[in-house]
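Let's take a walk through this protein together. Have a look at the model first, then read on.

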Amino acid sequence: MAAPPGRSPEGALRVAVIGCGRVGATQAALLAAAGHDVVGVDVDESRVAALAAGDVPFHEPGLAAPLAAGLSGGRLRFTSDVAAAAGARVHLVCVGTSTRHAGAGARRGGVEAALAGLVPHLQPGDVVVGRSTVPVGTSRALAARVERAGATFVVQPDLLRTGPAVPHALDPGRVVYGLPTDADGVVTPEGEKARALLAGLEPHAPAHELPAVVTDYATAELAALATGAFLAVKASFVAAVTVLCEASGADVAALADALGHDTRIGRRWLDPGRASGGGRPTEDVRALVAAAEGLGVGRETALLREVDAVTVRHRVALVDLVRDACGGAVAGRRVAVLGAASWAGSDDVHDSPALSVAAQLQLQGAHVTVTDPRALDAVRAVAPALDPAATVAACVAGADAVVLATPWPEYAALDPRPLTALVARPWVLDACHVLDPARWRAAGWTYRAAGRR
Ligand SMILES: NC(=O)c1ccc[n+]([C@@H]2O[C@H](COP(=O)([O-])OP(=O)(O)OC[C@H]3O[C@@H](n4cnc5c(N)ncnc54)[C@H](O)[C@@H]3O)[C@@H](O)[C@H]2O)c1
């Protein structure tokens with residue numbers, strides 16, 4: 001018997017993934033690994049060529065294996081031709097919508113452009129899933145375009161992570177379904193059908209039961225932004241109490257533990273080293289503020305606006321600690337910055353706390369060398385005034401101060417003893433609170449961390 005349209009003979013779904021960045025490529029590879037028949041579509045020809053050859057074009061640990069398995073098993077292919085999406089039953093829209101390049105309009109525009117290409121290839125009954133982060137209140141208009149083709153639009157934003165994409169996709173913690181609703185807020189029959197279809201499409205193991213939040217478009221849109229913004233609030237709270245710890249002689253690491261053992265608060269994202277913030281959580285704070293202003297309730301977001309200010313002040317405070325250690329001025333001093341990526345495990349330097357501190361020191365006249373296991377190419381591209389060093393040893397050679405600025409595990413595990421002889425002065429600022437102070441002090445270093453004794 002012939003398979004119904006959109007289903008392969010084994011009963012797995014045919015899926016199109018539009019936009020094959022970290023989110024889309026990961027979804028495509030994992031869905032193929034789960035047995036679905038997947039086509040990945042991207043406007044970037046070089047990205048398509050790389051993925052089709054089994055090369056992951058960005059640093060994403062764990063993605064190469066499912067990608068290779070999907071390609072060799074014939075269940076996964078990549079193309080720049082959106083017409084290849086025709087015949088798929090589910091279409092995941094994962095295009096880039098970051099505000100980092102073009103402001104809030106880019107968030108909506110990216111998805112609109114993707115839909116403009118996709119809609120002519122939709123069939124009645126198809127489900128289009130918006131996984132990109134979009135401004136609050138825009139999904140209804142996107143849904144209307146999709147509905148004109150007889151398809152259903154579901155908002156299922158990729159909820160924030162700041163770590164590897166594969167484990168996150170396999171265990172996102174919860175699934176949010178933003179479904180079409182009627183005038184009374186009740187999910188429409190089309191929405192229920194779409195949800196039932198998508199329940200069989202999660203890349204995580206079916207046995208793994210995740211909490212599902214079934215809601216409307218606006219709530220799902222807000223869930224994406226509010227997740228990131230909440231984490232930024234948590235981190236900025238620690239930055240604020242770090243100042244109190246500095247002033248009172250208290251210890252912020254012990255304080256974070258004392259707070260974190262309270263299950264109402266939770267320990268995650270209270271690490272003092274996160275307090276310099278940056279990356280997607282910061283973007284989400286700004287997007288939420290913009291959304292509130294657009295909805296005429298901007299006054300209620302004073303807390304969120306302050307998050308940004310706390311983050312900036314915390315970074316300046318780190319620079320001040322280096323300056324004080326250099327006798328009140330860094331001009332002419334050599335400062336080594338270990339880490340440039342926005343977070344460990346990434347080659348992304350967007351709004352990187354490490355680069356922000358490095359750039360401030362350089363602007364104050366320091367000679368700043370930077371090293372990073374993954375992000376040196378990005379450093380060369382965005383911060384050419386900094387001096388990139390391939391190794392930690394080359395980076396710290398002759399340094400008057402060393403700043404550990406991205407908490408890569410290999411930096412946390414550094415043996416300080418061989419480094420002592422390389423630097424001009426063994427002084428280290430542990431901006432990430434990951435070094436063992438006793439170990440570094442025993443090796444002759446002056447160890448400093450904001451809010452720590
Ligand atoms: N990466 C994360 O950690 C993360 C976390 C939460 C949410 N998100 C959201 O998920 C979405 C995707 O993020 P990402 O990190 O994968 O982005 P990305 O920038 O890495 O990749 C986006 C891809 O979309 C492609 N693209 C752009 N317009 C297209 C079009 N019209 N048709 C086909 N392809 C197109 C680009 O060429 C690029 O390859 C964004 O909305 C982002 O805000 C990402």
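To sort residues by class, we count Ala, Val, Leu, Ile, Met, Phe, Trp, Tyr, Cys and Pro as nonpolar, Asp, Glu, Lys and Arg as charged, and the others, Gly among them, as polar. By that scheme, the shell around the ligand has 8 nonpolar, 6 polar and 7 charged residues. This is a predicted model, where local features need pLDDT of at least 70, side-chain atom pairs count only at pLDDT 80 or more, and totals for chains, interfaces and linings use all residues. Residues are numbered from 1 along each chain as its sequence is written, and side-chain values use heavy atoms, with hydrogens and water left out.

Stay with the ligand for a moment. It is surrounded by 21 residues (each with a heavy atom within 4 Å of it), and the closest are Val23, Asp42, Arg47, Thr97 and Thr133. The backbone takes part too: a backbone N or O atom of valine 23 lies 2.8 Å from an oxygen atom of the ligand, and for arginine 22 the corresponding distance to a ligand oxygen atom is 3.0 Å. Taken alone the ligand exposes 830 Å², and the protein buries 84% of that (areas by the Shrake-Rupley method with a 1.4 Å probe).

Now step back to the whole chain. An automatic or database assignment divides it into domain 1 (14–210), domain 2 (225–312) and domain 3 (313–448). Between the centres of domain 1 and domain 3, taken over C-alpha atoms, there are 38 Å.

Notes:
Polar contact = N/O pair within 3.5 Å; in protein donor to acceptor, adjacent residues only side chain to side chain.
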